[in-house]
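Work through the following exercises with the structure open beside the text, and try each task before reading its solution.

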Amino acid sequence: MISNNPAAVIVLAAGAGTRMKSRTPKILHTIGGISMVGHAMAAAQGLNPDTLAVVVRHERDLVAAHIAALDERARIVDQDEIPGTGRAVQQALEALDAQAGAQTAVEGTVVVTYGDVPLLTTTLLAELVDTHNKDANAVTVLTAVLDDATGYGRILRDGTDGTVLGIREHKDATESEREIREINSGIYAFNAAVLREALKSVTTDNNQGEMYLTDVLSLARNSGGRVAAVSTTDRWQVEGANDRVQLAALGTEHNHRIVASWMRAGVSVIDPATTWIDSTVQLAEDVTILPGTQLHGKTTVARDAVVGPDSTLTDVQIGEGAEVTRTHGSGAIIGEGAHVGPFTYLRPGTVLGADGKIGAFYETKNVTIGRGSKLSHLGYAGDTEIGEDTNIGCGNITANFDGVNKHRTVIGSGVRTGSNTVFVAPVTVGDGAFTGAGAIVRKDVPAGALTLTVAPQRNLEGWTAANRPGSISAQAAENARASDDSAN
């Protein structure tokens, strides 16, 4: 029984992508935090097809593992040594038919798309399928009109009714055909029975020695089928990336669309040109993003928070009303009303409580900081638990690594630590304790105690002249001594 949803979507992802000049397969390069094939699969999944198949060949195991991680239900089909999109689709359809069983071969609509067309949307694919089904077409092709159609297959139309006669690949086109600006996107909706039968007649008798999927259109028409087109004015949705220049252009356009959509949803982005937001990021209304900010992964930002300028955050949760300034962070949680930065490095496992602070030139890792506590500047806290309303002084560090193992530091609530305190883990500081400037805390500190590390100061007179003769320091000391002698 034929339904409005396609029986299958076939994503072609077998190409080597040599022009990318990369050890990473072309379709695994990312845009907006998601691989190109991930974008393509998401658009296909939105159609709710009975089956999603992805055809692979180059770096097969690596690509197949990535696809399985994106959708474990996706059918992975291996293309053999016969080149061409026609062969790829033929093998996919054969695999799907075999899966369905000899008596129940795939029926209905089969959509074919590509793994390197990342801006294609489910909405446009749905329009293609709806038109195909409504008009009972044998084949419906998605097209676009470009100012420069170089390299694309040209759409050949019937001058009487506007239906599609066929597609001529650029390398096989005549000079007059190359003047045509309407191009083939390579994305189709097929009647499964028509596709299956036509592919039996597709050969490699062409300049490239490939099985062209485009040959199916003329074969279908010659058999009496109706071949039509759905044209889009949004060329970006049919653009593929064959090299890094095209990848960057697609990435820029994708980001432009993501940023614009968030602004329409109530987010203030002060400088869209320097703001990058992954597809997977979530932002609330009245968030403000300042220039030079990059938000990646599963980052979430709650209402009234301000992020930036010049901040790069990956998988960071930011609470309501928090402010994050000139910060690099990943895997961190920032509580509501908290302040971070400037020039702060948040490593995974950092949890900053509400109304807390991690200030300038601070690095944190695997640390939990209670409500209202402050680590203001010039320090490091790793493998640490800090209570509420504690103030960690300038230049404090937790010495958590003994060269072999990591150890924890526990600092209570209401603690006040002097500048340049070093906590040699494992160590615990009780609630309400104080440390003096320069303290080296090697033992547990009781609640309410003051810890001091006191050593007598020694002044070795004449040391500079004796040990650094002729230096600038020695000359300065001599000048000062002469000035004192003159004053006396």
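**Exercise 1.** Decide whether His377 is buried, partly exposed or exposed in this predicted model, and describe its surroundings.

*Solution.* The relative accessibility of His377 is 35%. Buried would require a value under 20% and exposed a value over 50%, with partly exposed in between, so His377 counts as partly exposed. Next, place the residue in its element: His377 belongs to strand E28, which covers residues 374-386. Then look for its contacts, leaving aside residues up to four places away in sequence: His377 touches Ala360 and Tyr362, and also Gly393, Cys394 and Gly395. Finally, turn to the record, where an unreviewed UniProt entry lists His377 under "active site".

**Exercise 2.** Find the residues that touch the most other members of the largest nonpolar core, and follow the contacts of Val216.

*Solution.* This core holds 70 residues, and those touching the most other members are Ile10, Val139, Tyr188, Leu195, Leu213 and Val216. If residues up to four places away in sequence are again not counted, Val216 touches Val139, Phe190, Leu195, Ala198, Leu199 and Val202. Apart from the largest core lies another one of 41 residues, including Val269, Leu283, Leu346 and Ala381.

**Exercise 3.** Describe the largest pocket, beginning with its space and ending with the character of its lining.

*Solution.* The largest pocket contains about 1,500 Å³ of space. Its lining is made up of 44 residues, of which Arg19, Lys26, Thr85, Tyr114 and Asn242 are the closest to the centre. Two or more lining residues come from each of strand E1 (8-13), helix H3 (85-100) and strand E10 (182-191), and E10 supplies the largest share, with 4 residues. By character, the lining divides into 15 nonpolar, 19 polar and 10 charged residues.

Note on methods:
Residues numbered from 1 in each chain as written. Predicted model: local features only at pLDDT ≥ 70, side-chain atom pairs only at ≥ 80, totals over all residues. Heavy atoms only, no water. UniProt positions renumbered as here; feature names shortened; annotations may be inferred. Buried < 20%, exposed > 50% of the residue type's maximum accessible area, 1.4 Å probe, protein only. Contact = heavy atoms within 4.5 Å. Core = buried A, V, L, I, M, F, W, Y, C linked by side-chain atoms within 4.5 Å. 1 Å grid on protein atoms, 1.4 Å probe; cavity = no way out; pocket = protein on both sides within 12 Å on 5 of 7 lines; lining within 4 Å. Points joined across faces, edges and corners; volume = space filled by probe spheres on them. Nonpolar A, V, L, I, M, F, W, Y, C, P; charged D, E, K, R; others polar.
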